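User: I'm new to this one and would like a walk through it. Could you show it to me, and then I'll ask away?

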Amino acid sequence: MADVLLEVKNLKKYFKTPRGLLHAVDDVSFTLERGKTLGVVGESGCGKSTTGRTILRLEEPTSGEIWFEGENITHADKHKMRKLRQDMQLIFQDPFSSLDPRQTISEAIEEPLKLSGTIKNHDERFMRVLELMKTVGLAERLVNTYPHELDGGRRQRIGIARALAMNPKFIVCDEPVSALDVSIQAQILNLMKEVQKEMNLTYMFITHDLSVVNHFSDDIAVMYLGRLIEKAPSEKLFEKPMHPYTQALLSAIPIPSLHNRKERIIIKGEITSPIDPKPVCRFANRCPYTEKICTEKEPPLVELEPGHFVACHMCQGNCSKPAPTMEEAEAHAAAEAHAGAAEA
(Lines give C-alpha, C1' and ligand atoms only; values in the text may rest on other atoms or scores of the structure.)
Protein backbone atom coordinates (compact mmCIF):
# COMPACT_ATOMS: atom_id res chain seq x y z
CA MET A 1 0.00 0.00 0.00
CA ALA A 2 1.44 3.34 -1.08
CA ASP A 3 2.20 5.82 1.69
CA VAL A 4 0.13 8.79 0.50
CA LEU A 5 1.12 12.07 2.15
CA LEU A 6 -1.11 14.45 0.20
CA GLU A 7 -4.43 13.87 -1.54
CA VAL A 8 -6.25 16.63 -3.43
CA LYS A 9 -9.88 16.02 -4.41
CA ASN A 10 -11.76 18.19 -6.93
CA LEU A 11 -9.92 21.33 -5.80
CA LYS A 12 -11.31 24.62 -7.12
CA LYS A 13 -10.18 28.19 -6.65
CA TYR A 14 -12.19 30.97 -8.29
CA PHE A 15 -11.55 34.72 -8.12
CA LYS A 16 -14.26 37.35 -8.52
CA THR A 17 -13.64 39.85 -11.32
CA PRO A 18 -15.84 42.58 -12.84
CA ARG A 19 -16.45 40.26 -15.82
CA GLY A 20 -17.29 37.14 -13.78
CA LEU A 21 -15.57 34.29 -11.96
CA LEU A 22 -12.00 33.56 -13.01
CA HIS A 23 -11.43 29.78 -12.81
CA ALA A 24 -7.79 29.76 -11.66
CA VAL A 25 -7.93 26.15 -10.44
CA ASP A 26 -10.82 24.02 -11.66
CA ASP A 27 -11.55 20.50 -10.39
CA VAL A 28 -7.95 19.36 -9.84
CA SER A 29 -7.41 15.93 -8.22
CA PHE A 30 -4.20 13.97 -7.54
CA THR A 31 -2.31 12.05 -4.87
CA LEU A 32 1.32 12.45 -3.84
CA GLU A 33 3.29 9.73 -2.08
CA ARG A 34 5.69 10.46 0.78
CA GLY A 35 9.26 11.09 -0.36
CA LYS A 36 8.25 11.63 -4.01
CA THR A 37 8.32 14.69 -6.27
CA LEU A 38 5.37 15.82 -8.38
CA GLY A 39 6.38 18.20 -11.16
CA VAL A 40 3.67 20.62 -12.28
CA VAL A 41 4.11 22.24 -15.70
CA GLY A 42 2.10 24.45 -18.04
CA GLU A 43 2.17 27.93 -19.54
CA SER A 44 1.92 31.12 -17.50
CA GLY A 45 -1.55 31.63 -16.04
CA CYS A 46 -2.55 27.96 -16.10
CA GLY A 47 -2.98 27.82 -12.30
CA LYS A 48 0.22 26.05 -11.20
CA SER A 49 1.21 28.49 -8.45
CA THR A 50 -2.39 29.04 -7.34
CA THR A 51 -2.79 25.28 -6.91
CA GLY A 52 0.28 25.14 -4.69
CA ARG A 53 -0.76 28.14 -2.62
CA THR A 54 -4.30 26.79 -2.21
CA ILE A 55 -2.99 23.41 -1.02
CA LEU A 56 -0.96 25.26 1.62
CA ARG A 57 -4.10 27.26 2.50
CA LEU A 58 -2.39 30.55 1.66
CA GLU A 59 -5.40 30.92 -0.62
CA GLU A 60 -8.74 29.62 0.63
CA PRO A 61 -10.22 26.98 -1.73
CA THR A 62 -13.58 27.69 -3.35
CA SER A 63 -14.48 24.01 -3.05
CA GLY A 64 -12.89 20.56 -2.97
CA GLU A 65 -10.87 18.76 -0.33
CA ILE A 66 -7.23 18.73 0.79
CA TRP A 67 -6.10 15.69 2.78
CA PHE A 68 -2.70 15.74 4.50
CA GLU A 69 -1.50 12.57 6.24
CA GLY A 70 -5.03 11.19 6.16
CA GLU A 71 -6.60 14.29 7.72
CA ASN A 72 -8.94 16.69 5.95
CA ILE A 73 -7.40 20.16 6.39
CA THR A 74 -9.67 21.98 3.91
CA HIS A 75 -11.49 23.87 6.65
CA ALA A 76 -8.91 23.66 9.46
CA ASP A 77 -8.96 26.75 11.68
CA LYS A 78 -6.04 29.16 12.19
CA HIS A 79 -4.80 27.36 15.31
CA LYS A 80 -4.69 24.03 13.47
CA MET A 81 -3.05 25.56 10.41
CA ARG A 82 -0.40 27.23 12.56
CA LYS A 83 0.71 23.77 13.68
CA LEU A 84 0.48 22.40 10.14
CA ARG A 85 2.76 25.19 8.87
CA GLN A 86 5.64 23.30 10.46
CA ASP A 87 4.98 20.35 8.15
CA MET A 88 4.04 22.30 5.00
CA GLN A 89 6.43 24.91 3.62
CA LEU A 90 6.99 27.02 0.49
CA ILE A 91 10.10 27.98 -1.48
CA PHE A 92 9.41 31.17 -3.46
CA GLN A 93 10.33 31.93 -7.05
CA ASP A 94 12.19 35.21 -6.46
CA PRO A 95 14.87 34.72 -3.80
CA PHE A 96 15.35 38.49 -3.33
CA SER A 97 11.77 39.74 -2.91
CA SER A 98 10.98 36.83 -0.56
CA LEU A 99 13.61 38.03 1.95
CA ASP A 100 13.45 41.05 4.27
CA PRO A 101 16.31 43.37 3.15
CA ARG A 102 16.68 44.59 6.76
CA GLN A 103 17.40 41.12 8.13
CA THR A 104 20.77 39.40 8.12
CA ILE A 105 21.04 35.79 6.98
CA SER A 106 20.97 34.53 10.57
CA GLU A 107 17.90 36.65 11.42
CA ALA A 108 16.05 35.48 8.29
CA ILE A 109 16.68 31.79 9.01
CA GLU A 110 16.00 32.21 12.73
CA GLU A 111 12.64 33.94 12.20
CA PRO A 112 10.48 30.78 11.73
CA LEU A 113 12.14 29.21 14.78
CA LYS A 114 11.25 32.26 16.90
CA LEU A 115 7.68 32.55 15.61
CA SER A 116 6.92 28.87 16.21
CA GLY A 117 8.52 28.88 19.65
CA THR A 118 10.03 25.43 19.08
CA ILE A 119 13.47 26.58 20.29
CA LYS A 120 13.19 29.20 23.01
CA ASN A 121 16.87 29.52 23.93
CA HIS A 122 18.73 32.10 21.81
CA ASP A 123 22.03 30.19 21.74
CA GLU A 124 20.29 26.97 20.70
CA ARG A 125 18.49 28.83 17.93
CA PHE A 126 21.78 30.27 16.69
CA MET A 127 23.36 26.81 16.63
CA ARG A 128 20.36 25.58 14.65
CA VAL A 129 20.85 28.47 12.19
CA LEU A 130 24.50 27.48 11.69
CA GLU A 131 23.42 23.87 11.18
CA LEU A 132 20.89 24.91 8.52
CA MET A 133 23.45 27.13 6.78
CA LYS A 134 25.84 24.19 6.59
CA THR A 135 23.05 21.96 5.24
CA VAL A 136 22.30 24.33 2.34
CA GLY A 137 25.93 25.15 1.59
CA LEU A 138 26.22 28.66 3.08
CA ALA A 139 29.57 29.54 4.65
CA GLU A 140 29.47 30.46 8.34
CA ARG A 141 31.30 33.74 7.59
CA LEU A 142 28.13 34.98 5.82
CA VAL A 143 26.03 34.79 8.98
CA ASN A 144 25.80 38.60 9.42
CA THR A 145 25.51 39.60 5.75
CA TYR A 146 22.40 41.05 4.14
CA PRO A 147 20.50 39.76 1.04
CA HIS A 148 21.72 42.61 -1.20
CA GLU A 149 25.32 41.53 -0.55
CA LEU A 150 24.74 38.03 -1.98
CA ASP A 151 24.15 36.56 -5.43
CA GLY A 152 20.90 34.86 -6.48
CA GLY A 153 22.12 31.35 -5.70
CA ARG A 154 23.03 32.20 -2.11
CA ARG A 155 19.75 34.06 -1.60
CA GLN A 156 17.82 31.01 -2.76
CA ARG A 157 19.84 28.87 -0.35
CA ILE A 158 18.57 31.15 2.43
CA GLY A 159 15.01 30.52 1.24
CA ILE A 160 15.62 26.76 1.29
CA ALA A 161 17.13 26.99 4.79
CA ARG A 162 14.04 28.87 6.02
CA ALA A 163 11.79 26.21 4.52
CA LEU A 164 13.83 23.45 6.21
CA ALA A 165 13.99 25.17 9.60
CA MET A 166 10.88 23.44 10.98
CA ASN A 167 11.77 19.96 9.61
CA PRO A 168 8.79 19.91 7.21
CA LYS A 169 7.35 16.89 5.45
CA PHE A 170 6.00 18.66 2.35
CA ILE A 171 7.40 21.61 0.39
CA VAL A 172 5.83 23.48 -2.52
CA CYS A 173 8.70 24.66 -4.73
CA ASP A 174 7.29 27.53 -6.80
CA GLU A 175 9.77 27.81 -9.70
CA PRO A 176 12.72 27.93 -7.27
CA VAL A 177 15.43 28.07 -9.97
CA SER A 178 13.81 30.08 -12.79
CA ALA A 179 15.43 33.35 -11.66
CA LEU A 180 18.93 31.82 -11.48
CA ASP A 181 21.76 31.27 -13.96
CA VAL A 182 21.96 27.81 -15.52
CA SER A 183 25.08 26.78 -13.58
CA ILE A 184 23.50 27.95 -10.30
CA GLN A 185 20.28 26.13 -11.17
CA ALA A 186 22.13 22.82 -11.27
CA GLN A 187 23.68 23.48 -7.85
CA ILE A 188 20.33 24.34 -6.26
CA LEU A 189 18.58 21.32 -7.82
CA ASN A 190 21.34 18.98 -6.64
CA LEU A 191 21.07 20.51 -3.15
CA MET A 192 17.30 19.98 -3.10
CA LYS A 193 17.73 16.35 -4.18
CA GLU A 194 20.30 15.69 -1.44
CA VAL A 195 18.11 17.30 1.23
CA GLN A 196 15.08 15.34 0.00
CA LYS A 197 16.96 12.07 0.38
CA GLU A 198 18.29 12.95 3.84
CA MET A 199 14.98 14.22 5.26
CA ASN A 200 12.54 12.07 3.20
CA LEU A 201 10.88 15.25 1.92
CA THR A 202 7.94 15.37 -0.47
CA TYR A 203 8.04 18.06 -3.16
CA MET A 204 5.49 19.71 -5.40
CA PHE A 205 7.84 21.20 -8.00
CA ILE A 206 6.29 23.97 -10.11
CA THR A 207 8.30 24.95 -13.18
CA HIS A 208 8.33 26.05 -16.82
CA ASP A 209 11.53 24.16 -17.59
CA LEU A 210 10.51 20.79 -19.01
CA SER A 211 14.05 19.45 -19.27
CA VAL A 212 14.53 20.13 -15.55
CA VAL A 213 11.24 18.58 -14.49
CA ASN A 214 12.05 15.38 -16.38
CA HIS A 215 15.14 14.69 -14.27
CA PHE A 216 13.86 16.11 -10.99
CA SER A 217 10.35 14.63 -10.74
CA ASP A 218 8.90 11.16 -10.18
CA ASP A 219 5.54 12.15 -11.67
CA ILE A 220 4.53 15.07 -13.89
CA ALA A 221 1.18 16.85 -14.00
CA VAL A 222 0.35 19.09 -16.98
CA MET A 223 -2.10 21.95 -16.41
CA TYR A 224 -3.98 24.06 -18.93
CA LEU A 225 -6.29 26.96 -17.97
CA GLY A 226 -6.87 25.69 -14.45
CA ARG A 227 -7.47 22.06 -15.45
CA LEU A 228 -5.24 19.03 -14.97
CA ILE A 229 -5.10 17.54 -18.48
CA GLU A 230 -2.42 14.85 -18.13
CA LYS A 231 -0.53 13.16 -15.31
CA ALA A 232 1.94 10.29 -15.57
CA PRO A 233 5.30 9.01 -14.31
CA SER A 234 8.07 11.22 -15.68
CA GLU A 235 9.60 8.64 -18.02
CA LYS A 236 6.22 7.55 -19.38
CA LEU A 237 5.09 11.12 -20.06
CA PHE A 238 8.22 11.93 -22.07
CA GLU A 239 8.18 8.59 -23.85
CA LYS A 240 4.48 8.60 -24.73
CA PRO A 241 2.70 11.95 -24.29
CA MET A 242 -0.97 11.54 -25.19
CA HIS A 243 -2.61 14.96 -24.93
CA PRO A 244 -1.97 17.24 -27.96
CA TYR A 245 -1.03 20.10 -25.60
CA THR A 246 1.56 17.95 -23.82
CA GLN A 247 2.99 16.91 -27.18
CA ALA A 248 3.34 20.58 -28.17
CA LEU A 249 5.07 21.40 -24.87
CA LEU A 250 7.57 18.57 -25.23
CA SER A 251 8.34 19.52 -28.82
CA ALA A 252 9.48 22.93 -27.56
CA ILE A 253 12.37 21.46 -25.53
CA PRO A 254 15.59 22.59 -27.27
CA ILE A 255 17.87 19.74 -28.39
CA PRO A 256 21.59 20.67 -28.75
CA SER A 257 22.10 18.67 -31.94
CA LEU A 258 22.06 19.48 -35.65
CA HIS A 259 21.20 15.92 -36.67
CA ASN A 260 18.48 14.89 -34.19
CA ARG A 261 16.34 18.01 -34.26
CA LYS A 262 12.59 17.47 -33.83
CA GLU A 263 9.82 19.33 -35.57
CA ARG A 264 8.35 22.04 -33.38
CA ILE A 265 4.58 21.73 -32.92
CA ILE A 266 3.25 25.29 -33.13
CA ILE A 267 0.03 25.93 -31.20
CA LYS A 268 -2.30 28.28 -33.10
CA GLY A 269 -5.68 29.76 -32.31
CA GLU A 270 -7.19 31.94 -29.61
CA ILE A 271 -6.82 31.04 -25.94
CA THR A 272 -10.14 30.31 -24.21
CA SER A 273 -11.03 32.86 -21.56
CA PRO A 274 -10.64 31.50 -17.99
CA ILE A 275 -13.58 33.69 -16.89
CA ASP A 276 -16.74 31.58 -16.66
CA PRO A 277 -15.53 29.06 -19.29
CA LYS A 278 -18.08 26.78 -20.94
CA PRO A 279 -18.08 23.08 -19.94
CA VAL A 280 -16.17 22.02 -23.07
CA CYS A 281 -12.55 21.12 -23.83
CA ARG A 282 -10.58 24.29 -23.07
CA PHE A 283 -7.89 23.38 -25.57
CA ALA A 284 -10.38 22.90 -28.43
CA ASN A 285 -9.79 26.37 -29.95
CA ARG A 286 -6.07 25.63 -30.36
CA CYS A 287 -6.07 21.88 -31.01
CA PRO A 288 -5.47 20.84 -34.66
CA TYR A 289 -7.49 17.65 -34.11
CA THR A 290 -10.69 19.17 -32.66
CA GLU A 291 -13.96 17.39 -33.42
CA LYS A 292 -17.58 18.19 -32.62
CA ILE A 293 -17.62 16.46 -29.22
CA CYS A 294 -14.68 18.62 -28.08
CA THR A 295 -16.85 21.74 -28.38
CA GLU A 296 -19.86 20.14 -26.70
CA LYS A 297 -18.53 18.24 -23.69
CA GLU A 298 -15.67 18.63 -21.24
CA PRO A 299 -13.39 15.56 -21.19
CA PRO A 300 -12.93 13.99 -17.74
CA LEU A 301 -9.49 12.98 -16.44
CA VAL A 302 -9.35 9.22 -17.06
CA GLU A 303 -6.66 6.62 -16.28
CA LEU A 304 -5.94 5.12 -19.70
CA GLU A 305 -2.83 3.19 -18.64
CA PRO A 306 -1.54 2.33 -15.15
CA GLY A 307 -0.63 5.68 -13.58
CA HIS A 308 -1.25 7.61 -16.84
CA PHE A 309 -4.24 9.98 -16.62
CA VAL A 310 -5.44 12.03 -19.62
CA ALA A 311 -8.33 14.44 -20.20
CA CYS A 312 -8.87 14.22 -23.97
CA HIS A 313 -11.79 12.88 -26.03
CA MET A 314 -9.46 11.51 -28.71
CA CYS A 315 -7.38 9.59 -26.19
CA GLN A 316 -10.54 8.18 -24.62
CA GLY A 317 -11.85 6.94 -27.99
CA ASN A 318 -14.74 9.43 -28.17
CA CYS A 319 -13.57 10.92 -31.48
CA SER A 320 -13.64 9.46 -34.97
CA LYS A 321 -9.84 9.36 -35.07
CA PRO A 322 -7.47 8.10 -32.35
CA ALA A 323 -5.09 10.49 -30.65
CA PRO A 324 -1.87 10.97 -32.65
CA THR A 325 1.44 9.71 -31.32
CA MET A 326 4.28 12.16 -30.76
CA GLU A 327 5.82 11.12 -34.10
CA GLU A 328 2.51 11.59 -35.93
CA ALA A 329 2.00 15.01 -34.29
CA GLU A 330 5.50 16.10 -35.36
CA ALA A 331 4.89 14.84 -38.91
CA HIS A 332 1.59 16.76 -38.98
CA ALA A 333 3.39 19.92 -37.80
CA ALA A 334 6.10 19.45 -40.43
CA ALA A 335 3.48 19.07 -43.19
CA GLU A 336 1.69 22.24 -42.04
CA ALA A 337 4.99 24.14 -41.94
CA HIS A 338 5.89 22.90 -45.43
CA ALA A 339 2.46 23.89 -46.79
CA GLY A 340 2.75 27.33 -45.19
CA ALA A 341 6.22 27.84 -46.73
CA ALA A 342 4.91 26.80 -50.16
CA GLU A 343 2.05 29.31 -49.94
CA ALA A 344 4.47 32.08 -48.91
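User: Let's start with Cys287: is it buried or exposed?
Analyst: A quick word first: this is a predicted model, where local features need pLDDT of at least 70, side-chain atom pairs count only at pLDDT 80 or more, and totals for chains, interfaces and linings use all residues. Residues are numbered from 1 along each chain as its sequence is written, and side-chain values use heavy atoms, with hydrogens and water left out. "Buried" means under 20% relative accessible area, "exposed" over 50%, and "partly exposed" in between (1.4 Å probe, protein chains only). Cys287 has a relative accessible area of 16%, so Cys287 is buried.

User: How many disulfides does the count come to?
Analyst: A disulfide is a covalent bond between the sulfur atoms of two cysteines. Here the rule asks for a pair of cysteine sulfur atoms within 2.5 Å. For Cys287, the nearest cysteine sulfur is that of Cys312, 6.4 Å away, and Cys287 is in no disulfide. The count comes to zero.

User: Why is there no bond between the sulfur of Cys319 and the closest cysteine sulfur?
Analyst: The closest cysteine sulfur to that of Cys319 sits in Cys294. That's too far for a bond, because the separation is 4.1 Å.

User: Which residues does Cys319 touch, leaving out those up to four places away in sequence?
Analyst: Cys319 lies in the loop between β12 and α10 (326-343); helices (H or I, at least four residues) and strands (E, at least two) are DSSP runs, numbered from the N terminus. Cys319 is buried, with a relative accessible area of 11%. Its C-alpha atom is 7.2 Å from that of Ile293, 26 residues apart along the chain. Taking contact as heavy atoms within 4.5 Å, Cys319 touches Glu291, Ile293, Cys294, His313 and Met314.

User: What is the strand order in the open sheet of eight strands?
Analyst: Two strands pair if DSSP finds at least two bridges between them. The pairing in this sheet is mixed, and the edge strands, β6 and β11 (302-305), each pair on one side only. The order is β6-β7-β8-β3-β9-β10-β12-β11.

User: How many bridges join β7 and β8?
Analyst: Strand β6 (residues 88-91) runs parallel to β7, with four bridges joining them, and Gln89 stands opposite Ile171 in that pairing. β7 also pairs in the parallel sense with strand β8 (residues 202-206), where Cys173 stands opposite Phe205. The number of bridges between β7 and β8 is five.

User: Why is β7 largely enclosed by the rest of the structure?
Analyst: Strand β7 covers residues 170-174. Phe170, Val172 and Asp174 point one way and Ile171 and Cys173 the other way, all of them buried. β7 is largely enclosed because the buried residues number five of the five.

User: Which residue stands opposite Lys231?
Analyst: Look at strand β10 (residues 227-233) and strand β12 (residues 308-310), which pair in the antiparallel sense over two bridges. Opposite Lys231, in β12, stands Phe309.

User: What angle does the direction of α6 make with that of β8?
Analyst: Angles run from 0 to 180 degrees between N-to-C directions, and axes are lines fitted to C-alpha atoms, for helices over the stretch in contact. α5 lies across β6 and β7, running at about 175° to β6. Helix α6 (residues 182-199) packs on the sheet too, touching β3 (37-41), β6, β7 and β8. Its direction makes an angle with that of β8 of about 155°.

User: And the open sheet of four strands: which are its edge strands?
Analyst: Its pairing is antiparallel, in the order β2-β1-β4-β5. Within it, strand β1 (residues 4-17) and strand β4 (residues 63-68) pair over five bridges, and the bridge partner of Lys9 in β4 is Glu65. The edge strands, each pairing on one side only, are β2 (20-33) and β5 (71-72).

User: Which helix lies across β1, β2 and β4?
Analyst: This helix covers residues 48-55. It runs at about 115° to β1, and it's α1.

User: Last one: at what angle do the axes of α3 and α4 cross?
Analyst: Helix α3 (residues 105-116) has buried residues, including Ile105, Ile109 and Leu113, and the buried residues of α3 pack against α4 and α5 (152-164). The axes of α3 and helix α4 (residues 122-135) come within 9 Å. They cross at roughly 115°.
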